[in-house]
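User: I'm new to reading protein models and I'd like to learn how to look at one. Could you walk me through it?

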Amino acid sequence: MGKDYTRRFQTEILKKHFMIALISIVIMLLFYFFVDNFYNGAVINFIQDVFGWDFASFILRNQTAFVFITILVVLLLNSLIVEVYSIQKISHVFSQMKILFQKDDQRIVLDESLQELEDDFNELKRESIENEKKAIKEAQHKVDMIAYLAHDIKTPLASVIGYLCLLEETEDLPEELRHKYTHMTLEKAYRLEKLINEFFDIAKLNQSYSPLHKEEVSLSYLLEQMKEEFYPIMSQKQQEIVIQVPEDMIIYADSQKIARVFNNILKKAFYYGDEKTTITIEATEDNVYTHILFRNIGQTIPKDKLNVIFEQFYRLDTARSSSTGGSGLGLSIAKLIVEQHQGIIKAKSYDHVTTFEVFIPHTKAL
């Protein structure tokens, strides 16, 4: 709430001061001059009857001083009235602020003149409640995911131990079986490695908030490096990556972190892309952003899932398949890193084409 409520409150108080003083002085002058003139000295006669002729005569001789003193008294009373009004208004604001920390639907209600402050307080309360619910939800997801991974680790670990024991204890095991068991042990070990890496992803989630080390990065060179790294993986489904990025295109980013963003997006494109398809990477520039698109062909992602695809621990494969997907942190970490670069990441999917869009601003490293 970057609004200057103090100045607005001061302006309102000054208006109150002016209005009360003006009305009081006008009423006093009208009462003194007009009533006295219209009723032939009625005011002086009244003063004489109450206070005596000496005092009435003093008033007649010092009318100007009397009017001046009366104005001072009116101004003092005006200040007192406005001060009481201000204290009451501020006290009401403080009394309502306790509602800000209550986790219910009760709204903060302020004076009509503080409508903007009231709206901002209620918006702050709403956001606070939503953030707390989100934090609780994410914490529960984290606990659940750790429990799932711990449970999943037991199976490949037991298999690895079992096959190794079998290989060690059976000296006359035929070479064909020995090769088969060795291969199966290796597959389970790879699966075990993947699960352990997911544990590290959960443990390192908060590292996405570490300071950036921005530098000039050749986008084409970075993507070509990643293409080479993904070649063994892509060959499993006979997929390929086509990069359509100008060789001289430069982005200002933390190279390691932005590489992690691209890596996580490419993993999703691989896992959920169809066999024998092409993952296309394109890049363009405007006055503000470098616009990078990752496009793959596969099953269309429903709109309701697109709205939550960047949430922590969210997975498209709700059945938790062991062969695809991961901890559900990849895209959420990508979103954190892109936002740390003051950028934008979003996804869209229709007609079996899914596109991830990354916007990196043209901001030089400090």
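User: Which side chains meet arginine 126 or glutamate 123 in a salt bridge, and at what N to O distance?

Analyst: A quick word on the ground rules before that. This is a predicted model, where local features need pLDDT of at least 70 and side-chain atom pairs count only at pLDDT 80 or more, while totals for chains, interfaces and linings use all residues. Residues are numbered from 1 along each chain as its sequence is written, and side-chain values use heavy atoms, with hydrogens and water left out.
Now the idea: a salt bridge is a side-chain nitrogen of Lys or Arg within 4 Å of a carboxyl oxygen of Asp or Glu. Here the side chains of arginine 126 and glutamate 123 meet each other that way, at 2.4 Å, N to O. Arginine 126 also has a salt bridge with glutamate 130, at 2.6 Å.

User: Where do arginine 126 and glutamate 123 lie?

Analyst: Helices and strands are read as DSSP runs numbered from the N terminus (helices: H or I, at least four residues; strands: E, at least two). Arginine 126 and glutamate 123 are both in helix α5, residues 115-169, and sit three residues apart, about one turn of the helix. Arginine 126 and glutamate 130 are four residues apart in α5, so about one helical turn separates them.

User: Is arginine 126 buried or partly exposed?

Analyst: Buried means under 20% relative accessible area, exposed means over 50%, and partly exposed is in between (1.4 Å probe, protein chains only). Arginine 126 has 36% relative accessibility, so it counts as partly exposed. Glutamate 123, at 33%, is partly exposed, and glutamate 130, at 42%, is partly exposed too.

User: How many salt bridges does the structure hold?

Analyst: Four. One of them joins glutamate 339 to lysine 335, with the closest N and O atoms 2.6 Å apart. Both of these residues lie in helix α10, four residues apart, about one turn of the helix. Glutamate 339 is partly exposed at 39%, and lysine 335 is partly exposed at 27%. Back in α5, shared partners join Glu123, Arg126 and Glu130 into one network of salt bridges.

User: Which residues of α10 are buried?

Analyst: Those are Leu331, Ser332, Ile333, Ala334, Leu336, Ile337 and Val338. Keep following the chain and you reach histidine 341, in the loop between α10 (330-340) and β6 (344-350). Glutamine 342 also follows α10, and its phi is positive, near 65 degrees.

User: Why does histidine 341 count as buried?

Analyst: Because its relative accessibility is 1%. To see what surrounds a residue, look for contacts, meaning heavy atoms within 4.5 Å. Leaving aside neighbours within four places in sequence, histidine 341 is in contact with several residues, including Leu212, Tyr252, Lys257 and Pro361. Its side chain also reaches the backbone nitrogen of aspartate 254 at 3.0 Å.

User: What about isoleucine 345: where is it, and is it buried or exposed?

Analyst: Isoleucine 345 lies in strand β6 and is buried, with a relative accessible area of 9%. Leaving aside neighbours within four places in sequence, its contacts include Ile265, Phe310, Ala334 and Lys335. Its C-alpha atom is 9.6 Å from that of isoleucine 292, although the two are 53 residues apart along the chain.

User: Which residues touch the most other members of the largest nonpolar core?

Analyst: A nonpolar core is a set of buried Ala, Val, Leu, Ile, Met, Phe, Trp, Tyr and Cys residues joined through side-chain atoms within 4.5 Å. The largest one has 40 residues, and Leu219, Phe262, Ile292 and Phe294 touch the most other members. Helix α8, residues 255-272, gives the most to this core, with eight residues. Apart from it lies another core of eight residues, among them Val93, Leu100, Leu117 and Phe121.

User: Now zoom out: how many helices and strands are in the chain?

Analyst: You'll find 10 helices and seven strands. The chain has 366 residues, and 37% of them count as buried. Among contacts between residues at least 6 apart in sequence, 69% join residues at least 24 apart.

Conventions:
A polar contact is a pair of N or O atoms within 3.5 Å; within protein, one must be able to donate a hydrogen and the other to accept it, and residues adjacent in sequence count only if both atoms are side-chain atoms.
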